[in-house]
Amino acid sequence: MLLRLLLSTSTLFFSMILGAFALAVVGYNWPQTLSDMLGWARDLKSVITSTGLDPKYNIWVELLLEERQLLFMFFTIAARIFLALLFAPFSSR
């Protein structure tokens with residue numbers, strides 16, 4: 001059980017590092033693509049904050065959700081999918 005916890009935690013940590021690295025690579029090699037992706041994240045934030053949520057909750061969503069966070073989440077999720085596909089043949093189940 002402890003080994004599974006350690007493996008899942010290390011996978012999460014490694015996917016965050018890999019996501020940040022992928023974000024940096026895209027920003028360095030294709031800055032226009034990263035700028036477009038930031039625009040998509042900005043549009044996604046406006047969609048999320050314009051859902052008609054009660055203002056006492058929506059203000060916290062607007063305050064805490066930023067475009068950079070959404071973009072980093074995208075790269076982290078992409079890295080998690082990549083790692084899952086990479087290590088799937090080695091899993092015990």
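**Notebook: core, patch and three threonines**

I began with L64, which counts as exposed because its relative accessibility is 56%, and the cut-off for exposed is over 50%. I note here that the model is predicted. L64 sits in helix α3, residues 55–64. I then looked for a surface patch around this residue. L64 forms a nonpolar patch on the surface with I59, W60 and L63. I recorded about 460 Å² of accessible area for these four residues together.

Next I turned to the interior. Which residues make up the largest nonpolar core? I found 5 residues there: V26, L34, M37, L71 and F75. Helices α2 (31–49) and α4 (67–87) each supply at least two residues of this core.

I followed F75 further and listed its contacts, leaving aside neighbours within four places in sequence. F75 is in contact with V26 and M37, and also with G19, A22 and L23. V26 and M37 are themselves members of the largest nonpolar core.

I then checked T76, which is found in helix α4. Is T76 buried or exposed? I entered T76 as buried, because its relative accessible area is 11% and the limit for buried is under 20%. Not counting residues up to four places away in sequence, T76 touches S15, M16 and G19. G19 is also on the contact list of F75.

For T49 I noted a place in helix α2. T49 has 14% relative accessibility, so I counted this residue as buried too. What does the side chain of T49 reach? I found the backbone oxygen of S46, at 3.4 Å. With residues up to four places away in sequence not counted, T49 touches N58, V61 and E62. I looked up the span of helix α3 again, and it runs over residues 55–64.

The last threonine I looked up was T11, in helix α1, residues 2–29. T11 has a relative accessible area of 30%, so I put this residue down as partly exposed; that class lies between the limits of 20% and 50%. I also took a distance from T11 to D54. The two are 43 residues apart in sequence, and their C-alpha atoms are 36 Å apart in space.

To close the page, I set the entries side by side. T76 is buried at 11%, T49 is buried at 14%, T11 is partly exposed at 30%, and L64 is exposed at 56%.

Key: Residues numbered from 1 in each chain as written. Predicted model: local features only at pLDDT ≥ 70, side-chain atom pairs only at ≥ 80, totals over all residues. Heavy atoms only, no water. Patch = residues over 30% accessible without salt bridge, like charges linked within 9 Å, V, L, I, M, F, W, Y side chains within 5 Å. Areas by Shrake-Rupley, 256 points an atom, 1.4 Å probe, with all protein chains shown as cover. Salt bridge = Lys/Arg side-chain N within 4 Å of Asp/Glu carboxyl O. Helix = DSSP H or I, 4+ residues; strand = E, 2+ residues; numbered from the N terminus. Buried < 20%, exposed > 50% of the residue type's maximum accessible area, 1.4 Å probe, protein only. Core = buried A, V, L, I, M, F, W, Y, C linked by side-chain atoms within 4.5 Å. Contact = heavy atoms within 4.5 Å. Polar contact = N/O pair within 3.5 Å; in protein donor to acceptor, adjacent residues only side chain to side chain.
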